[in-house]
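This report covers the salt bridges of one chain and the exposure of the residues that form them.

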Amino acid sequence: MMEMKARSKWLRMYKVFSLALLIIFQIYWYKWTRKSEAEWEKLWSGIGKRFRTTLFELEGLLIKIGQFISIRSDLLPNAFIQELQDLTDKVLPSKWVKSRGF
């Protein structure tokens with residue numbers, strides 16, 4: 001059982017870091033190739049969708065972080081923030097698993 005939890009932790013970390021690296025790469029690529037404002041909007045919308053999907057998949061604290069980011073429109077582009085709006089309205093509650101005492 002412990003090995004399963006360790007794998008799950010590594011998989012979660014991999015997904016978060018790979019998403020972060022992909023976002024960084026895309027942003028620098030767009031800056032380097034001097035994309036138009038409309039293309040930047042599409043990029044931020046796509047990043048927001050991918051970010052939201054990953055947060056829903058990984059659940060827990062990451063959803064709370066996404067909810068916090070979704071209310072900070074002063075920090076990130078509007079296209080990104082719009083994609084995260086679902087995190088404050090449409091998140092299903094997590095199942096509570098009662099642990100067994102030893």
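## A buried pair

Glu-83 and Arg-52 are both buried in this predicted model. Their side chains form a salt bridge, with N and O 3.0 Å apart. The two residues lie 31 positions apart in the chain, with Glu-83 in helix α4 (residues 78-84) and Arg-52 in helix α2. The contact therefore falls within the 4 Å limit set for a salt bridge.

## A partly exposed pair between helices

A salt bridge also joins the side chains of Glu-57 and Lys-15, at an N to O distance of 2.1 Å. This pair links distant parts of the chain: Glu-57 belongs to helix α2 (residues 37-58) and Lys-15 to helix α1 (residues 2-33), with their positions 42 residues apart in the numbering.

Glu-57 has a relative accessibility of 46% and counts as partly exposed, because the exposed class begins over 50%. Lys-15 is partly exposed as well, at 25%, since buried means under 20%.

## A pair with an exposed acid

Asp-74 and Arg-72 form a salt bridge in which the closest N and O atoms are 2.8 Å apart. Asp-74 is exposed, with a relative accessible area of 57%. Arg-72, at 28%, is partly exposed.

## Count

In total, the model has 3 salt bridges. Side chains of opposite charge can pair when their charged atoms come close.

Key. Residues numbered from 1 in each chain as written. Predicted model: local features only at pLDDT ≥ 70, side-chain atom pairs only at ≥ 80, totals over all residues. Heavy atoms only, no water. Helix = DSSP H or I, 4+ residues; strand = E, 2+ residues; numbered from the N terminus. Buried < 20%, exposed > 50% of the residue type's maximum accessible area, 1.4 Å probe, protein only.
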